[in-house]
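Grab the model and work through these exercises with it open. Each one gives you a task, then a solution taken step by step.

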Amino acid sequence: MTEMSYELLRKIQAQEREGAALSRLPPDFYESVRKMIGERKEKLNGHFSLSEAKEFENVLKVLRDVFALREQKMVLRALATAGGSPDGSRLTDEEKGAFDKLVEVLEERKAFIEELMEGKESKAGRQKTMRKMRVLVPIPQFVGADGKRYGPYERDEEVRLPRKEAELL
């Protein structure tokens, strides 16, 4: 497990602030943070020190900033990829679920807007437009019914495809 420290958190914060892309986090980042917070709380409860309490507050501020920056980048990435093949690289396992939900909501909103712009009435309870699926065998790049290119996809890759293309595969 990655040994989390205040200095490492500040480094991650600086990376998130500097670049538009998500910085690469250790795979066990959230678990390491959870462990560090637990240890610091336990230490404060056992022997209170004003300097350690201030440092703990600073750790929490840095974490809130890192989480907010990453969430903003996830939303922007989801907006950019809605309707296509989402790029979930550099997301931790904990972040991928939220990212997938964001993309799904944005794709549903996009479909609603397209129906509206075409003068169609949105059907209540209509099926979701995108399907999440795991690729079992490598799939070369192909053109979907909507004229967009999809793939290529590798084995065990999780992808989101329009309902029609997903059903065909």
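**Exercise 1.** Work out whether Phe 67 is buried, partly exposed or exposed.

*Solution.* This is a predicted model, so everything here is computed from predicted coordinates. Start with the number: Phe 67 has a relative accessible area of 24%. Next, the cut-offs: buried means under 20% and exposed means over 50%, with partly exposed in between. Phe 67 is therefore partly exposed.

Now run Tyr 30 through the same steps. Its relative accessibility is 18%, and the limit for buried is under 20%. So Tyr 30 counts as buried. Phe 29 is buried as well.

**Exercise 2.** Find the aromatic pairs that involve Tyr 30, and classify each as stacked or edge-to-face.

*Solution.* A search of the whole structure turns up three aromatic pairs. One of them is Phe 29 with Tyr 30, at 5.2 Å centre to centre and 80 degrees between the planes. Planes over 60 degrees apart count as edge-to-face, and that is the label for Phe 29 and Tyr 30.

Then take Tyr 30 with Phe 67: the centres are 5.7 Å apart and the planes make an angle of 15 degrees. Under 30 degrees counts as stacked, so Tyr 30 and Phe 67 are a stacked pair.

Where do the two partners of the stacked pair sit? Tyr 30 is in helix H2 (residues 29-46) and Phe 67 is in helix H3 (residues 50-81). They are 37 residues apart, so this pair links distant parts of the chain. Put together, ring pairs join Phe 29, Tyr 30 and Phe 67 into a cluster.

**Exercise 3.** Check the length of H2, then find which side of the helix is buried.

*Solution.* First the length. H2 has 18 residues, and at 1.5 Å a residue it should span 26 Å. The end C-alpha atoms of H2 are 26 Å apart, which agrees.

Next, list the buried residues of H2: Phe 29, Tyr 30, Ser 32, Val 33, Met 36, Ile 37 and Leu 44. They cover an arc of only 160 degrees around the axis, which means they lie on the same side of H2.

Last, look at the face turned away from that buried side. There you'll find the exposed residues Arg 34, Glu 42, Asn 45 and Gly 46.

**Exercise 4.** Describe how H3 packs against H2 and against helix H1 (residues 6-18).

*Solution.* Two packed helices are described by the angle between their axes and the distance between the axes. For H2 and H3, the angle is about 160 degrees and the axes are 10 Å apart. Angles over 145 degrees count as roughly antiparallel, so H2 and H3 are roughly antiparallel to each other.

For H1 and H3, the axes come within 10 Å and cross at roughly 30 degrees. With under 35 degrees as the limit for roughly parallel, H1 is roughly parallel to H3.

And the handedness? The crossing of H2 and H3 is left-handed, and the crossing of H1 and H3 is left-handed too.

While you're in H3, check Ala 53, which is found in that helix. Ala 53 has a relative accessible area of 14%, so it is buried. Ala 53 and Lys 43 are 10 residues apart in sequence, with 9.8 Å between their C-alpha atoms.

**Exercise 5.** Find what is notable about the backbone at Pro 152 and at Asp 156.

*Solution.* Start by placing them. Pro 152 is in the loop between strand S3 (149-150) and strand S4 (158-162), and Asp 156 is in the loop between S3 and S4.

Then check omega: a cis peptide bond joins Gly 151 and Pro 152, with omega about 0 degrees. Moving on to phi, the value for Asp 156 is near 70 degrees, which is positive in a residue other than glycine. Asp 156 has 42% relative accessibility, so it counts as partly exposed.

**Exercise 6.** Place Lys 164 in the overall layout.

*Solution.* The secondary structure comes to five helices and four strands, and along the sequence the pattern reads α-α-α-α-β-β-β-β-α. Lys 164 is in helix H5 (residues 163-168). At 55% relative accessibility, Lys 164 counts as exposed. Lys 164 and Met 130 are 34 residues apart in sequence but 8.7 Å apart in space, C-alpha to C-alpha.

Notes
Residues numbered from 1 in each chain as written. Predicted model: local features only at pLDDT ≥ 70, side-chain atom pairs only at ≥ 80, totals over all residues. Heavy atoms only, no water. Phe/Tyr/Trp six-rings, centres within 6.5 Å; stacked < 30°, edge-to-face > 60°. Buried < 20%, exposed > 50% of the residue type's maximum accessible area, 1.4 Å probe, protein only. Helix = DSSP H or I, 4+ residues; strand = E, 2+ residues; numbered from the N terminus. Expected span 1.5 Å × (residues − 1). Arc of directions from axis to C-beta. Axes fitted to C-alpha atoms, helices over the stretch in contact; angles between N-to-C directions. Parallel < 35°, antiparallel > 145°, perpendicular 65-115°, else oblique. Left-handed = near helix turned anticlockwise from the far one by under 90°.
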